[in-house]
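Biologist: Could you take me through one part of this model up close? I'd like to hear about the surface patches, and what sits under or around them.

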Amino acid sequence: METNDLVEFKSTPEIRAKLYEYGFSKRFAQDDVILNENSYIKAIPIVVHGSIKVMRTDEDGREILLYYIRTGESCIMSFLGGLHNDTSKVKAIAEEDTEILFVPLDKVKELIKEYPEWLDYIFRLYHRRFEELLEVVNAVAFKKMDERLLTFIRKKCEMANSHTLYVTHEQLANELGTVRVVISRLLKQMEEEGIVSLGRNKITLIELNPTTK
């Protein structure tokens with residue numbers, strides 16, 4: 001594996017080399033579960049290629065998307081749980097075919113002691129995830145579901161660098177913490193308004209985000 005994959009550490013080649021020396025890589029297919037809730041964390045995941053969605057499940061089994069982990073990023077919840085010998089409070093699922101570098105916890109602690117840049121990386125991740133979680137709280141508390149759905153579709157299109165998503169209404173409902181019938185009704189309204197075009201397990205965004213191709 002080439003050490004030029006982790007662009008987050010381009011300016012710190014020593015850390016990048018250590019990560020590949022200490023870690024082991026594993027590939028996951030789309031929709032593979034990488035980490036389950038209540039599992040003990042023995043290694044910290046860093047996304048080399050692909051992306052992960054992090055979900056939270058309530059007592060009734062309903063799920064909601066918390067945030068995405070993209071190439072070069074890690075899961076701050078894994079850091080916190082692993083460093084405190086706690087179990088995972090979230091579920092991580094491969095959003096697409098994804099390669100992950102797993103770094104054992106003891107090596108993560110070594111890097112914290114040896115490299116201030118590694119600790120800075122963790123703090124930056126924490127700040128980024130905290131802001132994203134605030135966005136989720138704000139959306140759930142103050143935005144109507146149609147606004148949340150359109151924002152979510154735009155975000156997924158931007159991540160995929162495409163205006164077409166191959167996703168079911170059930171999947172969208174799970175990630176937004178609602179039920180399929182609500183999503184289907186709102187998507188039909190959006191189609192009538194010329195915002196999206198619907199196909200079988202396919203949604204094409206007509207009203208494109210400026211950053212989406």
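Modeller: First, a bit of vocabulary: helices here are DSSP runs of H or I with at least four residues, numbered from the N terminus. Keep in mind, too, that this is a predicted model.

Let's start with the nonpolar patch. L80, Y126, F130 and L134 make it up on the surface, and together they have about 390 Å² of accessible area. The biggest contributor is α4, which gives three residues. One residue to look at is Y126, which lies in helix α4. Y126 counts as partly exposed because its relative accessibility is 43%, and the partly exposed class runs between 20% and 50%.

α4 spans residues 116–142, and this helix is also part of what covers the buried residues of α1, along with β1, β3 (43–49), β7 (98–104) and α3 (105–114), among others. The α1 residues in question are I15, R16, L19, Y20 and Y22, in a helix that covers residues 13–22. As for spacing, an α-helix has 3.6 residues a turn, so residues three or four places apart point the same way.

Now the charged patch. D31, D32, E96 and D97 form a negative one on the surface. D32 belongs to the loop that links β1 (24–28) to β2 (33–35), and with 31% relative accessibility D32 is classed as partly exposed.

For contrast, try another loop residue. I195 sits between α7 (180–192) and β9 (196–199), and its relative accessibility is 13%, so I195 counts as buried. Measuring C-alpha to C-alpha, I195 is 39 Å from K26, with their positions 169 residues apart in sequence.

Technical notes:
Residues are numbered from 1 along each chain as its sequence is written. This is a predicted model: local features need pLDDT of at least 70, side-chain atom pairs count only at pLDDT 80 or more; totals for chains, interfaces and linings use all residues. Side-chain values use heavy atoms; hydrogens and water are left out. Patches are made of residues with over 30% relative accessible area and no salt bridge: like charges are joined within 9 Å, nonpolar side chains (Val, Leu, Ile, Met, Phe, Trp, Tyr) within 5 Å. Accessible areas come from the Shrake-Rupley method with a 1.4 Å probe; for residues, only the protein chains shown count as cover. A salt bridge is a side-chain nitrogen of Lys or Arg within 4 Å of a carboxyl oxygen of Asp or Glu. Lys and Arg count as positive and Asp and Glu as negative; His and the chain ends are not counted. The place of a charge is taken as NZ of Lys, CZ of Arg, CG of Asp or CD of Glu. Helices (H or I, at least four residues) and strands (E, at least two) are DSSP runs, numbered from the N terminus. Buried means under 20% relative accessible area, exposed over 50%, partly exposed in between (1.4 Å probe, protein chains only). Contact means heavy atoms within 4.5 Å.
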